[in-house]
Amino acid sequence: MEAVIWKRPCVLALKSCGPFATCGSRGTFGFRNGGRAPQRTFILRVINSTGSGAVVARPSSARKYKKSEGVDRKLAALRQLFHKPGLQMDAYIIPSQDPHQSEFIAECFMRRAFISGFTGSAGTAVVTKDKASLWTDGRYFLQAENQLGPDWMLIRAGTPGVPTVSEWLTDVLSPGSKVGIDPFLFSSDAAEELKHTLSTKDHKLIYVYDGNLVDEIWKEDRPKPPAAPVRVHDIKYAGLDVSSKISSLRQNLVEAGATSIVISMLDEIAWLLNLRGNDVAHSPVAYAYLIVELDSTTLFIDPSKVTPEVTVHLRNSNVTVKPYESLLLEVERLANCGAKLWLDTSCTNVAIVDAFHSACNKYFENLPKRSKQKSIKERNKLLNAKSIDSEMQGPLAIHKASPVAIAKAIKNGAELDGMRQAHLRDAAALAEFWTWLETKVVQDKTTFTEVEVADKLLEFRSKQAGFLDTSFDTISGSGANGAIIHYRAEPDTCDIVDDKKLYLLDSGGQYVDGTTDVTRTVHLGEPSSREMECFTRVLQGHIALDQAIFPENTPGFVLDVLARSSLWKIGLDYCHGTGHGVGASLNVHEGPQGISYRYENMTGLQEGMIVSNEPGYYEDRSFGIRIENLVIVRDMETPNRFGGNSYLGFERLTFVPIQSKLLDLSLMSPAEIEWLNNYHSEVWEKVSPLVQGDVHEWLWKNTRPVPVHSTA
């Protein structure tokens with residue numbers, strides 16, 4: 001899947017992305033970041049500029065709309081709610097998030113898609129009394145143009161100098177206006193930054209606790225919350241038992257001076273408790289919260305999802321289960337008990353943080369005067385303290401990044417072995433698929449729709465042992481649709497896959513032992529010289545990154561240039577990150593590690609992390625190219641260890657042939673051709689024992705060495 005620019009999912013802040021369009025799919029767009037995550041700015045589409053340099057925006061380009069003419073009824077209904085007793089709002093912000101700031105969300109949380117009609121996974125809708133705007137990133141421009149109705153304005157990423165959502169609101173609203181948000185859908189950092197920016201024009205941010213306004217107009221048509229049971233993730237795949245993981249986390253608490261922590265990220269909870277769920281399509285997670293104290297662990301989840309097997313598993317790990325909805329009461333209890341609560345404010349919703357802070361204030365208000373003065377004095381000392389005294393009187397919020405994120409990102413031996421095995425079975429399924437497609441299209445002259453091809457791939461994957469689900473919606477893009485970076489084929493509107501156009505297929509699987517993500521671009525006929533040159537340069541970038549050797553803890557942005565350099569030589573580029581982290585039988589997008597041009601993400605690459613290597617190139621309304629493998633960050637033997645540092649490189653996980661027919665060998669060096677031949681040799685060695693018959697023959701033909709002398 002195309003690489004995101006990773007940031008803590010709930011941080012909604014965005015900063016200028018220079019000449020590039022941002023493509024991070026985690027988080028809500030349009031806010032500046034008050035926290036530590038990468039920052040980006042999303043910009044209004046430039047239609048024309050005035051002499052003063054002002055940017056003029058208009059609704060996205062003309063097209064056929066499914067909506068009837070006149071005022072959008074959903075917008076009209078939402079605006080009526082602005083005048084509910086006690087609200088009197090002037091604007092309402094609808095992000096893409098669920099209460100856990102997830103990238104992929106359950107259907108019942110797809111409020112932004114419901115209100116706007118735009119179904120991309122990333123974006124923010126803003127509705128005022130007379131305007132409706134949608135922010136999204138470069139992967140979704142064409143999709144948003146096709147899906148937004150005439151009452152919506154598409155606001156694009158990629159051009160400096162245009163305001164963020166909060167800055168835009170300060171410009172379009174009259175001074176003293178009120179902007180409403182659902183506090184369960186915004187991180188604490190994002191809400192604080194939004195509040196600060198709005199206050200510059202005397203606007204007020206209000207938290208709407210009395211129900212989400214979009215839900216009030218969605219009514220009975222809103223999908224029910226997911227209720228699928230959770231399951232135990234076998235220790236042979238997890239590699240580490242729950243007690244050991246929680247013990248390590250408690251050591252982190254002690255070192256930070258904390259007595260408890262709230263964990264709200266679904267994949268962190270799943271990893272920590274060795275549980276997997278089925279609440280979110282493609283992501284094996286369940287909706288839950290977790291509080292870990294020094295002497296107890298509590299999981300907040302719908303009890304109906306907890307099977308007898310899971311009950312025993314949790315009991316053996318000393319984990320108590322409480323209802324999902326009771327979390328805020330427990331947070332307030334912690335404050336009343338004087339807890340030092342670790343909160344990652346970049347990915348914990350503001351409703352939780354606000355509940356704890358309010359309870360803390362009540363705690364100190366109820367103290368006798370002398371005790372209150374002592375507690376306040378102790379709390380003020382913390383401003384300059386290097387460490388926190390857990391014996392200090394009274395509750396305290398400790399705002400730090402969750403330690404679970406890094407622990408989860410560095411895979412243990414069992415997780416890495418599972419990922420290797422899952423990728424081999426996945427490669428066998430893909431070999432069967434490509435054999436089928438080439439036979440049908442090239443030999444039988446059959447054409448299929450993009451949807452039919454994606455469905456057939458799912459059929460092949462489903463036959464593999466341990467297959468559970470796809471790891472994301474398959475991107476099956478023929479011709480011009482391949483240029484839509486996050487394209488999703490629909491039965492009524494999709495194109496056909498034939499031998500006349502490039503075909504981009506980005507897909508992945510969730511297996512009991514691992515998660516896969518692979519992209520290949522092919523031409524089943526005769527590619528043009530332009531297509532061949534672009535494909536070759538994308539592969540050269542892929543090879544350069546694959547061969548990189550670098551000091552441990554090197555941030556991903558340092559490596560990003562390697563993947564772009566060949567394209568840059570002829571003035572081309574791509575508008576997404578080059579690599580994203582991947583979970584082990586977990587989310588296909590995982591942070592905090594990544595490889596992109598966004599230098600704010602200083603997370604260093606460490607041995608055991610998994611990232612994607614996926615440069616690409618896209619010509620709007622023409623074709624798209626992407627080549628993606630997953631790789632493990634591993635220790636490399638080097639003749640020197642300057643400064644005593646270890647040096648790292650990559651071990652490939654993905655073993656699927658790269659179509660040699662698309663290469664312009666005259667552009668490639670002998671070393672690059674040698675890399676390709678070595679890769680295909682490894683593909684044959686690892687995958688051929690898993691296939692037979694026509695598939696075995698196809699694999700043989702597509703892994704034959706390319707003669708080096710062909711560069712002459």
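This is a short talk about sheets, helix packing and aromatic pairs in one predicted model.

Okay, ground rules before the tour. The model is predicted, so local features need pLDDT of at least 70 and side-chain atom pairs count only at pLDDT 80 or more, while totals for chains, interfaces and linings use all residues. Residues are numbered from 1 along each chain as its sequence is written, and side-chain values use heavy atoms, with hydrogens and water left out.

Let's start with the sheet of 6 strands. It's open, the pairing is mixed, and the order is β4-β3-β2-β1-β5-β6. A word on terms: strands (E, at least two residues) and helices (H or I, at least four) are DSSP runs, numbered from the N terminus, and two strands pair if DSSP finds at least two bridges between them. In general, strands of a sheet pair through backbone hydrogen bonds, either parallel or antiparallel.

So which strands stand at the edges here? Those are β4 (153–155) and β6 (204–207); each has a single partner strand, so one side of each is left without a neighbour in the sheet. From one strand to the next, the twist averages 25°. For angles like that, axes are lines fitted to C-alpha atoms, for helices over the stretch in contact, and the angles run from 0 to 180 degrees between N-to-C directions.

Inside that sheet, β1 (residues 91–94) and β5 (residues 178–181) run parallel and share 2 bridges. Look at Ala91 and you'll find Val179 as its bridge partner in β5. Then there's helix α1 (residues 73–81), which packs on the sheet and touches β1, β2 (124–128) and β3 (132–135), its direction making about 65° with that of β2. Contact, by the way, means heavy atoms within 4.5 Å.

Now the other sheet I picked: 3 strands, open, antiparallel, in the order β17-β19-β22. β17 and β22 (518–523) are the edge strands, each pairing on one side only. Here the twist averages 10° from one strand to the next.

How many bridges join β17 to β19? There are 4, and the two strands run antiparallel; one example is Ser476, whose partner in β19 is Leu505. On the other side, β19 and β22 are joined by 6 bridges, again antiparallel, and Ser507 has Val518 of β22 as its bridge partner.

Side chains on β17 (residues 475–478) alternate: Ile475 and Gly477 point one way, Ser476 and Ser478 the other, and all are buried. Buried means under 20% relative accessible area, exposed is over 50%, and partly exposed is in between, using a 1.4 Å probe and protein chains only.

Two helices to put on this sheet. α15 lies across β19 and β22 and runs at about 155° to β19. α16 (residues 450–462) touches β17, β19 and β22, and makes about 140° with the direction of β17.

On to the rings. The structure holds 18 aromatic pairs. The cut-offs: rings of Phe, Tyr and Trp (its six-membered ring) pair if their centres lie within 6.5 Å; planes under 30 degrees apart count as stacked, over 60 as edge-to-face and the rest as tilted.

Take Trp436 and Phe448: the centres are 4.8 Å apart and the planes sit at 45°, so this pair is tilted. Trp436 is in α15 (residues 413–443) and Phe448 in β15 (residues 448–449), so the pair ties together parts 12 residues apart in sequence. Both rings belong to buried residues. They also sit in one aromatic cluster with Phe433, Trp434 and Tyr503.

Stacked or tilted, then, for Trp675 and Tyr679? With centres 5.4 Å apart and planes at 10°, that pair is stacked. The two residues are 4 apart in helix α19 (residues 670–687), so about one helical turn separates them, and both are buried.

Last stop, a helix pair. The axes of α11 (residues 327–336) and α12 (residues 350–365) come within 8 Å and cross at roughly 35°. Among the contact residues are Leu328 and Val331 of α11, and Phe356 and Tyr363 of α12.

And one glycine to finish: Gly581, in strand β24 (residues 579–581), is buried with a relative accessible area of 0%. C-alpha to C-alpha, Gly581 is 7.4 Å from Met609, though the two are 28 residues apart in sequence.
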